[in-house]
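Trainee: Please take a close look at the contact surfaces of this model with me. I want residues and distances, kept in order.

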2 protein chains.
Amino acid sequence: MNRFLARPIYLQLRDALVERIATGQWKPGTMIPNEGDLAREFGVSPGTMRKALDLMEAMRLLTRRQGRGTVVNDPSSEELAGRYTNLRRTDGRVIADEVKSGEITEGPANERECIRLRLAKDDRVFRAHRRRLHEARAYMVEEASMPTALFPGLADDQNPSPGITELAGHYGLLLGKAEERISVGEASLEVAEALGIAFASPVLALDRVVYGLDGRPVEWRMGWCHSADRMYLAEMR
Amino acid sequence: MNRFLARPIYLQLRDALVERIATGQWKPGTMIPNEGDLAREFGVSPGTMRKALDLMEAMRLLTRRQGRGTVVNDPSSEELAGRYTNLRRTDGRVIADEVKSGEITEGPANERECIRLRLAKDDRVFRAHRRRLHEARAYMVEEASMPTALFPGLADDQNPSPGITELAGHYGLLLGKAEERISVGEASLEVAEALGIAFASPVLALDRVVYGLDGRPVEWRMGWCHSADRMYLAEMR
DNA sequence: AAGTGGTCTAGACCACTCA
DNA sequence: GAGTGGTCTAGACCACTTG
């Protein structure tokens, strides 16, 4: 590795290793070579390779355990799939979900989709409709939009598209941070009917964008949630 | 430093350095010795000292800049003081605040205070009342509770107690993470009057606990926010 | 006992800032 | 040019897991 480039070696290493996961060369759940072997393979010192692996662990791509080795994390594992879901029951428990997904449609991005997904006027999006049930009762309706460019052939997909985490896994997208805007809204006619509440009654409006590891927006999702017995849990550091 | 203790040296170093800030030996805004000198002072290798300083930077206690040196962060600086405030205007801008603080009272912790602040039945708390104004109009009322044990003599304090960040600074408390529970509530009579809205109209209810670096709860604050033209911005990683 | 990641050392040189 | 943090090396040994 060239040590006189502007970009530090450990960042180049990180990118090279991330690429191995993104391309499927390293699959979720499998072990990767030990640190010493990797360092030799790339021709760097163990400490430098270690720093790259530290970064990947911080990105939640790897799990290392002393004495055992290093495994590639499965993005659709319970822990990682739930990381963009901060909705809880009032007592703090996670909501035991059942998701009903509607058909996936495709069309030109509207104004809000262009803003949230950073698309140009002529770009197209896939749209998905979901209803989340708790104890056989709908408590939230969602409308999600995804750039077609990132999900080639999604419309023909047979799967019912459970959530962005699983979808991203299918299309080789690695997810990074997400931003969610929470506000109080009024139930529209559709939302009121779907949730079984009165028109214009207050709901939690959840406006979330999930970004890829490269920072590109991957999904924009609006959610309207029946607010009774539910809360949103945010953490700050 | 003893390298055969169960606790890694870099963690011991971090704690020792945090202590220097907590006790005021290193004051906010001042430079600390360079990494080499610190390593020599503690009898460790530079790399180990560096790792400890990395951790402190991640805790937002220090700012390091290549060529310049390392300074102790001021917790009441704009950047750090605003870190527990995720409320924004709908367009995303930060809300230009004016805070009106009421008198500080003292009394036995009630049931919810005991839970949120992890207190025993007989522990006592200070209570503060605040109203946040935007363009001379109240948009949020707050009720904060703090364990008396952490703020000795707070009731006699002449200051109008602006926020937890400044208060913590005065009493040598270093702040860590915070948790906030967001839900939709109905304006009580008091809240409705203070905010100039109708009784029982929907408000954002913000239930926040700020923890110290040691993990102990430092402040519990309930806030009721007029929801029009405002949103809560959460980030997930 | 062998293999893994975790800690630690004692340097070297680079990139940046400022007097 | 002196001083700082940032990067990188090439090892050593420790703690843990597994066969």
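Mentor: What follows covers the DNA strands, then the contact between the protein chains, then a few links inside the chains. Keep in mind that this is a predicted model.

Start with DNA strand D. It has 21 residues around it. The nearest are A:Ile9, A:Tyr10, A:Thr48, A:Gln66 and B:Arg50. So both protein chains appear in that list, by definition of what counts as near: a heavy atom within 4 Å. Which part of DNA strand D comes within 4 Å of the protein? Sugar and phosphate supply 77% of those atoms.

Now take individual contacts to DNA strand D. A:Gln66 reaches a base: an N or O atom of its side chain is 2.8 Å from a base nitrogen. Two arginines go to phosphate instead. A polar side-chain atom of A:Arg68 is 2.8 Å from a phosphate oxygen of DNA strand D. For B:Arg50, the distance from a polar side-chain atom to a phosphate oxygen of that strand is 2.7 Å.

Place these on the fold. Chain A gives two or more residues to the surface near DNA strand D from each of α1 (9-22) and α3 (46-58). Chain B does so from β2 (62-65) and β3 (69-72). The surface near DNA strand D holds nine polar, seven charged and five nonpolar residues.

Turn to DNA strand C. It is surrounded by 21 residues. Closest to DNA strand C are A:Arg50, B:Ile9, B:Tyr10, B:Thr48 and B:Gln66. Sugar or phosphate makes up 76% of the atoms of DNA strand C within 4 Å of the protein, and bases make up the rest.

Three phosphate contacts are worth finding on DNA strand C. The backbone serves in one of them: a polar backbone atom of B:Ile9 is 2.5 Å from a phosphate oxygen. A:Thr70 uses its side chain, with an N or O atom 3.1 Å from a phosphate oxygen of DNA strand C. B:Lys51 also uses its side chain, at 3.4 Å from a phosphate oxygen of that strand.

Which elements give two or more residues to the surface near DNA strand C? They are β2 (62-65) and β3 (69-72) of chain A, with α1 (9-22) and α3 (46-58) of chain B. By class, the surface near DNA strand C has seven charged, five nonpolar and nine polar residues.

Strand β3(B) is worth a short detour. It belongs to an open sheet of three strands in chain B, ordered β1-β3-β2, with antiparallel pairing. β1 (31-32) and β2 of chain B are at the edges with a single partner strand each, so one side of each has no neighbour in the sheet. β1(B) and β3(B) run antiparallel and are joined by two bridges. B:Ile32 has B:Thr70, in β3(B), as its bridge partner.

Next, protein against protein. The size of an interface is often given as the accessible area lost when the parts come together. Chain A and chain B bury about 2300 Å² between them. Carbon and sulfur atoms carry 61% of that area. On the chain B side, B:Val184, B:Met236 and B:Arg237 lose the most area to chain A, together 30% of what that side buries. In residues, 25 of chain B are in contact with 25 of chain A.

What polar links cross this interface? Eight residue pairs are in polar contact between chain B and chain A. Two salt bridges also cross between these chains. B:Lys177 forms a salt bridge with A:Glu235, with the closest N and O atoms 3.9 Å apart. β9 (175-186), β10 (202-212) and β12 (230-236) of chain B each supply at least two residues to the side that touches chain A. β9(B) has the largest share, eight residues. That side of chain B divides into twelve nonpolar, ten charged and three polar residues.

Strand pairing crosses the chains as well. β9 of chain A, residues 175-186, runs antiparallel to β12(B), and five bridges join them. A:Ile182 stands opposite B:Tyr232 there.

Finish with one salt bridge inside chain A. The count over all chains is 50 salt bridges. A:Arg112 forms one with A:Asp207, at 3.4 Å between the closest N and O atoms. A:Arg112 lies in helix α5 (residues 111-116) and A:Asp207 in strand β10 (residues 202-212) of chain A, so the pair ties together parts that are 95 residues apart in sequence.

Methods
Residues are numbered from 1 along each chain as its sequence is written. Chains are lettered from A and ligands numbered from 1 in the order in which they are written. This is a predicted model: local features need pLDDT of at least 70, side-chain atom pairs count only at pLDDT 80 or more; totals for chains, interfaces and linings use all residues. Side-chain values use heavy atoms; hydrogens and water are left out. A polar contact is a pair of N or O atoms within 3.5 Å; within protein, one must be able to donate a hydrogen and the other to accept it, and residues adjacent in sequence count only if both atoms are side-chain atoms. Helices (H or I, at least four residues) and strands (E, at least two) are DSSP runs, numbered from the N terminus. Ala, Val, Leu, Ile, Met, Phe, Trp, Tyr, Cys and Pro count as nonpolar, Asp, Glu, Lys and Arg as charged, and the others, Gly among them, as polar. Contact means heavy atoms within 4.5 Å. Buried area is the accessible area (1.4 Å probe) that two parts lose on being put together, summed over both. A salt bridge is a side-chain nitrogen of Lys or Arg within 4 Å of a carboxyl oxygen of Asp or Glu. Two strands pair if DSSP finds at least two bridges between them.
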